[in-house]
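Welcome, and please load the model in your viewer. We will go from stop to stop, with a selection to make at each one.

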Amino acid sequence: MRIFRAVTFNTMMFRNPSAVLLFALAASVFAQRPTATMVSSGLFRLDLDGFRVFADSPAEKDYTAIGVDDVVLFSTEPANPPIGGRTFMPSMSGELLDRRTERLGEKTAIYLNARSTPMGEIPHYAYLVQWNGRRIYFAGETSDPTDLLDVREVDLAFVSPTLLAAVEKAGRTIEARTVIVYRTTNAEQQSTNMSVPCDRCKVVLPVPGETIQLFR
């Protein structure tokens with residue numbers, strides 16, 4: 001029987017200082033790669049160079065995981081938003097929104113464009129996040145594809161099955177390199193024939209708890 005053992009810092013190769021340095025550099029590069037974690041069906045956490053972005057609809061039970069320096073993007077107005085200067089929601093507009101997004105960009109190099117996408121009488125925001133030359137779009141809960149179809153050169157689009165169906169019904173396609181489908185049911189997560197209207201895009205259908213490596 002052949003036994004495979006995990007590599008540790010007690011392994012012979014790590015007695016060589018050069019090998020230790022190479023391993024540390026490789027581990028550092030891997031650790032810095034941006035990721036997206038599906039916290040729940042309606043919430044994602046992006047880890048971007050040491051900054052965390054929570055997007056869509058954090059439930060109050062999730063607030064304990066949100067730090068005061070984290071960016072939180074609410075698509076609809078929360079009853080009791082978490083405390084912190086990096087929280088955004090539909091009630092913020094005009095000068096307040098401009099000042100807050102400007103400060104966010106200065107402090108984190110995460111540039112935010114909150115886009116009004118009302119759901120009937122309910123105020124709602126979609127968000128276009130620009131970071132390190134990448135463009136990330138969070139559609140939120142809206143079923144109106146108008147804003148999503150107006151956005152160009154998107155690297156990642158986070159969309160719901162309802163919005164995908166609306167895009168398909170309109171006879172259009174999403175201009176995004178990668179489409180991540182969330183707000184899904186268990187049946188949709190297990191489906192292998194979900195229709196995603198985009199041209200030559202990568203489609204990711206994650207499950208809660210799953211972490212996705214971005215921009216490989």
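How many disulfides does the structure hold? The structure, a predicted model, holds 1 disulfide, where a disulfide is a pair of cysteine sulfur atoms within 2.5 Å.

**Stop 1: the cysteines.** Select Cys198 and Cys201, which form a disulfide with their sulfur atoms 1.7 Å apart. A disulfide is a covalent bond between the sulfur atoms of two cysteines. Now turn on the surface: Cys198 and Cys201 are both buried, where buried means under 20% relative accessible area, exposed over 50%, and partly exposed in between (1.4 Å probe, protein chains only).

**Before moving on.** Residues are numbered from 1 along each chain as its sequence is written, and side-chain values use heavy atoms, with hydrogens and water left out. In this predicted model, local features need pLDDT of at least 70 and side-chain atom pairs count only at pLDDT 80 or more, while totals for chains, interfaces and linings use all residues.

**Stop 2: colour by confidence.** Colour the chain by pLDDT, the predictor's confidence in each residue, from 0 to 100. The mean over the chain is 84, and 83% of the residues reach 70 or more. Select residues 1–15, where pLDDT is below 50; beyond near neighbours in sequence, this stretch has 11 contacts in the model (heavy atoms within 4.5 Å). Then select residues 19–31: here too pLDDT is below 50, and beyond near neighbours in sequence there are 6 contacts.

**Stop 3: the sheet.** Switch to cartoon view, in which you can look for 5 helices and 12 strands. These are DSSP runs numbered from the N terminus (helices H or I, at least four residues; strands E, at least two). Six-stranded and open, one sheet has the order β6-β7-β8-β9-β10-β11, with mixed pairing; two strands pair if DSSP finds at least two bridges between them. Select β6 (110–116) and β11 (202–204), the edge strands, each pairing on one side only. From one strand to the next, the twist averages 15 degrees.

**Stop 4: β6 and its partner.** Add β7 (residues 125–131), which runs antiparallel to β6 and is joined to it by 7 bridges. Show Ile110 as sticks, and you will find it opposite Trp131 in β7. Next select helix α2 (residues 94–108), which packs on the sheet and touches β6 and β7; its direction makes about 155 degrees with that of β6. For such angles, axes are lines fitted to C-alpha atoms, for helices over the stretch in contact, and angles run from 0 to 180 degrees between N-to-C directions.

**Last stop: the whole chain.** Select everything: buried residues make up 44% of the 216 residues.
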